[in-house]
Amino acid sequence: MLGMIWAQTRGGVIGAGGTMPWHLPEDLAHFKAVTAGHPVIMGRATWDSLPPRFRPLPGRRNIVVTRDLGWWADGATAVHSTSEALVQARSSASPEAWVTGGAQIYSALLPHADLCAVTDIDVDVAGDTLAPLLDAQWVDVAPAEWQVSARSGLRYRFRTLRRQ
Ligand SMILES: CCc1nc(N)nc(N)c1OCCCOc1ncccc1N1CCC(C(F)(F)F)CC1
């Protein structure tokens with residue numbers, strides 16, 4: 001099973017200038033819970049955007065896609081195509097793997113994805129990086145209510161979409 005996980009604003013923004021222009025602790029906990037123990041696939045820019053204490057994401061294979069054949073980083077499995085990333089993920093013990101960003105990796109792997117875990121944040125921010133557009137074959141299989149973050153006051157909800 002290949003999942004993709006991201007957090008997006010009302011307008012589908014997932015990033016602005018390489019970071020996420022919000023702080024939602026409930027989403028961090030959600031991300032951690034969904035991906036814990038499973039291989040993660042990310043682009044090099046997302047790897048660079050991880051706070052150093054989270055790099056590598058603990059307890060699982062961190063597969064990093066980069067065009068730079070000389071790139072390496074402690075705790076990362078460098079691959080040079082998304083196809084190679086899938087091979088690495090499937091060769092791990094886990095039955096599922098999670099794509100954790102960024103936009104280019106989501107777009108390249110969307111055709112292979114079985115599930116999308118989307119955090120909707122009720123905020124409108126300008127951003128240069130957008131989430132992949134999910135067409136009508138993607139259906140929310142776990143509709144959740146909007147919640148209000150105790151810490152940030154932001155309204156948010158978690159959606160789980162499967163391809164029908
Ligand atoms: C959480 C952010 C996030 N949310 C959802 N729903 N989908 C994602 N694809 C995602 O982006 C993961 C890669 C970027 O991640 C971070 N970028 C900036 C600051 C912090 C982080 N986190 C904090 C939690 C940490 C833990 F290991 F605890 F999970 C991982 C790194």
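Which residues line the second largest pocket? In this predicted model, the lining consists of Trp6, Gln8, Gly11, Gly12, Val118, Leu130, Ala131, Pro132, Leu133, Leu134, Arg159 and Leu161. Strands E1 and E11 (155-163) are the elements that contribute two or more residues to this lining. By residue type, the lining comprises eight nonpolar, three polar and one charged, and the pocket encloses about 200 Å³ of space.

The largest pocket holds about 1400 Å³. It is lined by 47 residues, and those nearest its centre are Thr46, Ser49, Leu50, Thr100 and Gly101. Two or more lining residues come from each of E1, strand E2 (13-15), helix H1 (25-35), E3, helix H2 (44-49) and H4. Helix H1 provides the largest share, with six residues. In character, the lining of the largest pocket divides into 23 nonpolar residues, 18 polar and six charged.

Helix H1 also has an inward-facing story to tell. Its buried residues are Pro25, Glu26, Asp27, His30 and Thr35, and these pack against E1, E3, E6, E7 and E11. Just after H1 comes glycine 37, with a positive phi of about 85°. Glycine 37 is in turn one of the residues touched by arginine 60, together with Lys32, Thr35, Ala36, His38, Pro39 and Val40, when residues up to four places away in sequence are set aside. Arginine 60 sits in the loop between H2 and E4. Is arginine 60 buried or exposed? Its relative accessibility is 14%, so it counts as buried, the cut-off for that class being under 20%. Between the C-alpha atoms of arginine 60 and glycine 75, which are 15 residues apart along the chain, the separation is 9.4 Å.

Turning to the interior, the largest nonpolar core has 23 residues, of which Leu2, Met4, Trp6, Ile41, Val99, Leu109 and Cys116 touch the most other members. At least two residues of this core are supplied by each of strand E1 (2-9), strand E4 (62-65), helix H3 (82-90), strand E6 (97-99), helix H4 (103-109) and strand E7 (115-121). Another core, apart from this one, has twelve residues, including Val40, Leu50, Leu57 and Ala73. Leucine 2 illustrates how the larger core is knit together: beyond its neighbours within four places in sequence, leucine 2 contacts Ile41, Leu86, Ala97, Val99, Leu109, His112, Ala113, Asp114 and Leu115.

Threonine 9 lies in strand E1. With a relative accessible area of 2%, threonine 9 is buried. Its contacts, leaving aside neighbours within four places in sequence, are Trp22, Ile121, Val123 and Val125.

Helix H3 offers a clear view of how a helix can be sided. Its buried residues are Thr82, Ala85, Leu86 and Ala89. Why do these residues share one side of H3? They span an arc of only 100° around the axis, and therefore lie on the same side of the helix. The general geometry is familiar: an α-helix has 3.6 residues a turn, so residues three or four places apart point the same way. The buried residues of H3 are covered by elements that include E1, strand E3 (40-43), E4, strand E5 (76-79), E6 and H4. On the face turned away from the buried side, H3 carries the exposed residues Ser83 and Val87.

After H3, serine 92 is placed in the loop that leads to E6. Serine 92 counts as buried, at 13% relative accessibility. Not counting residues up to four places away in sequence, serine 92 touches Pro39 and Arg61. The C-alpha atoms of serine 92 and serine 149 are 35 Å apart, with these positions 57 residues apart along the chain.

Two cis peptide bonds deserve a look in the model. One joins arginine 55 and proline 56, with omega of about 5°, and proline 56 belongs to the loop between H2 and E4. Another joins glycine 101 and glycine 102, with omega of about -5°. Glycine 102 is in the loop between E6 and H4, while Gly101 is among the residues nearest the centre of the largest pocket.

Key:
Residues are numbered from 1 along each chain as its sequence is written. This is a predicted model: local features need pLDDT of at least 70, side-chain atom pairs count only at pLDDT 80 or more; totals for chains, interfaces and linings use all residues. Side-chain values use heavy atoms; hydrogens and water are left out. A nonpolar core is a set of buried Ala, Val, Leu, Ile, Met, Phe, Trp, Tyr and Cys residues joined through side-chain atoms within 4.5 Å. Buried means under 20% relative accessible area, exposed over 50%, partly exposed in between (1.4 Å probe, protein chains only). Helices (H or I, at least four residues) and strands (E, at least two) are DSSP runs, numbered from the N terminus. Contact means heavy atoms within 4.5 Å. The arc is that of the directions from the helix axis to the C-beta atoms. On a 1 Å grid over the protein atoms alone, a cavity is a set of points where a 1.4 Å probe fits but cannot get out, and a pocket is an open set with protein on both sides within 12 Å along at least five of seven lines; lining residues have an atom within 4 Å of a point. Grid points are joined across faces, edges and corners, and a volume is the space filled by probe spheres set on the points. Ala, Val, Leu, Ile, Met, Phe, Trp, Tyr, Cys and Pro count as nonpolar, Asp, Glu, Lys and Arg as charged, and the others, Gly among them, as polar.
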